[in-house]
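Visitor: Could you take me through one part of this structure in detail, and then show how the rest is held together around the chain?

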Amino acid sequence: MASAVFFHLLLLLLLSCFASPGAPARIVEKKFETVTLVSLLPSDLCTASDQGRDGAALKVIHRHGPCSSLRPEQRASPGDILTKDESRVKSMQARLTDARRVLSRPDSDSAFTESSSLPTRIGNSLNTANYVVTVGLGTPRKDFTVIFDTGSDLTWVQCRPCATSCHSQKEPIFDPDGSATYRNVSCNAPECLGLKSSTGSPGSCVASTCLYSITYGDGSYSDGYLAADTLTLTPSASVTGFRFGCGEDNDGLFGETAGLLGLGRDRVSVVSQTANEFAQVFSYCLPSKSSSAGFLSFGPRISPSVKFTRLQPQDPDSFYFLNMVGISVAGQKLPIASTVFSNAGTIIDSGTVVTRLPPGAYSALRSAFRRGMAQYPSAPSLSILDTCYDLSKYPTFRIPKVGILFEGGVEVDLGSQGALYAASASQVCLAFAGNSDPTDVGIFGNIQQKTYEVVYDVGNKRVGFGGGGCG
């Protein structure tokens, strides 16, 4: 008996000797990620393939990366992108503040209606709507490179004869006379009457033809005719009679794109207009680096790995509201009260670069992340980013893992590409910023969405995230 007990104790001692060194390492690996510095730095080599996912999706590229057809001199620096990102965020928050002010009036309905008047309703700033796709328009089909934006509703392209002005674009400008399926939309059409909710201005008329006018938060604008024609999204998916803006007076920060693809929730958006074809479902994956490609896909083919959180019933507007409920750093959920997130609400947006958090939530995240990075030298702030490091002497380094928690038990685990923003080896920053006011809406930005397949199932009022959507 004594010998059996002795043998058992000896066995436990030997196991502890061999297991102890390995156990902490396994725990640490769950909490930290080892990163190679070169994986974060911009590349001058385009690695994008020629096809989207399975050849049936639109290829998504970053308009300031090496795969873009924009002239190099038009590509913005990391600091410029962040400065312009702030402009977009402010325009979105002002748009929501104005809308909520209208709804808070005693004589306002509880839901946004076409008769509501928004004093300064304008589109979002397009400075940082940096991802583009190529779509077809007209018969015969002509291809156009357009910005895609979940924060905008009206799709538009520049049109001949450009009666006033058109900005420079990559492809030839769309010619309505060259399409056998083009037609103008009349003033009494529901789409014309409904323009007020998607552009901020009711449609006006010239010779019984509907006109549209939209101004963006950065001063960019597009004015022209509301029209209908065939929109081709993939080789096997065309939409006849698609309503869009045929812009004859356009100017602003559109780069050399032909216009914009609106993926918001308003009746004039692509999502609403193609409900019969695609069941109000679309998804995209933003690539890990600007030198590679992602995809934009339409239709209800959903991977079983996608986990969904509920879209929040927020009035007014066409934004996609989610319920963010927490943040984890190095495997530990931060002690942030749920009301910190719920007081302002959170939207997910393809055009905002850096995730914006309520001040209290950002302060907790910043403190925890800095503790996990204490061994590395700090670097000066980069525009709106105030937690930066000089990693020029560290070919590899370790960061605490960051996770974003949404209602329904959905956690988006951010890898290094989703947690960091690198201007250079000597300036690598935490890719989050705090709002100035606790009541400003939070925004889940596109850096944090990278490599995930983000699925918008609008008909079922949910948004999902699936890991490993693209590289």
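Guide: What follows starts with one strand and its partners and then turns to the cores, the salt bridges and the disulfides.

The model is a predicted one, and the part chosen for the close look is strand S29, residues 453–457. Five of the five residues in S29 are buried, so the strand is largely enclosed by the rest of the structure. The burial applies to both faces, with Glu453, Val455 and Asp457 covered on one side and Val454 and Tyr456 covered on the other. Along S29 runs strand S12 (residues 281–285), antiparallel and joined by five bridges, while strand S30 (residues 462–466) also pairs with S29 in the antiparallel sense, again over five bridges. Tyrosine 456 illustrates both pairings, since phenylalanine 282 stands opposite this tyrosine and valine 463 is its bridge partner in S30. Between S29 and S30 the hairpin has four residues, and lysine 461 there takes a positive phi near 55 degrees.

From the strands one can turn to the nonpolar interior. The largest nonpolar core has 78 residues, of which Phe148, Leu296, Ile327 and Phe465 touch the most other members. Apart from this core lies another, of 15 residues, including Tyr212, Ile214, Leu226 and Ala228. Phenylalanine 148, with neighbours within four places in sequence left aside, is in contact with residues that include Val60, Tyr131, Leu261, Tyr284, Leu296 and Ser350. In soluble globular proteins, nonpolar side chains tend to be buried together.

Charged side chains form a further set of links, and the count of salt bridges comes to ten. One of them joins arginine 88 and aspartate 349, with 3.0 Å from N to O. This pair links distant parts of the chain, 261 residues apart, with arginine 88 in helix H2 (residues 78–103) and aspartate 349 in the loop between strand S18 (346–348) and strand S19 (355–357). Arginine 88 has 0% relative accessibility and therefore counts as buried, and aspartate 349, at 1%, counts as buried too. Another salt bridge holds arginine 243 and glutamate 191, whose closest N and O atoms are 3.5 Å apart. Here too distant parts are linked, arginine 243 lying in strand S10 (residues 237–251) and glutamate 191 in helix H3 (residues 190–193), 52 residues apart. In this pair arginine 243 is buried at 18% relative accessibility, whereas glutamate 191 is partly exposed at 24%. Salt bridges that share partners also join Asp85, Glu86 and Arg356 into one network.

The covalent links come last, and the count of disulfides is six. Cysteine 46 and cysteine 67 form one of them, with sulfur atoms 2.0 Å apart, and the link is right-handed, with 105 degrees about the S-S bond. Cysteine 46 lies in the loop between strand S1 (32–36) and strand S2 (58–62), and cysteine 67 in the loop between S2 and H2, 21 residues apart. Cysteine 46 is partly exposed at 35% relative accessibility, whereas cysteine 67 is buried at 16%. A further disulfide joins cysteine 388 to cysteine 429, S to S 2.1 Å. Cysteine 388 is in strand S21 (residues 388–389) and cysteine 429 in strand S26 (residues 427–430), so the pair ties together parts that are 41 residues apart in sequence. Both cysteine 388 and cysteine 429 are buried. The disulfide of cysteine 162 and cysteine 166, by contrast, is left-handed, with -90 degrees about the S-S bond.

Methods:
Residues are numbered from 1 along each chain as its sequence is written. This is a predicted model: local features need pLDDT of at least 70, side-chain atom pairs count only at pLDDT 80 or more; totals for chains, interfaces and linings use all residues. Side-chain values use heavy atoms; hydrogens and water are left out. Buried means under 20% relative accessible area, exposed over 50%, partly exposed in between (1.4 Å probe, protein chains only). Helices (H or I, at least four residues) and strands (E, at least two) are DSSP runs, numbered from the N terminus. Two strands pair if DSSP finds at least two bridges between them. A nonpolar core is a set of buried Ala, Val, Leu, Ile, Met, Phe, Trp, Tyr and Cys residues joined through side-chain atoms within 4.5 Å. Contact means heavy atoms within 4.5 Å. A salt bridge is a side-chain nitrogen of Lys or Arg within 4 Å of a carboxyl oxygen of Asp or Glu. A disulfide is a pair of cysteine sulfur atoms within 2.5 Å.
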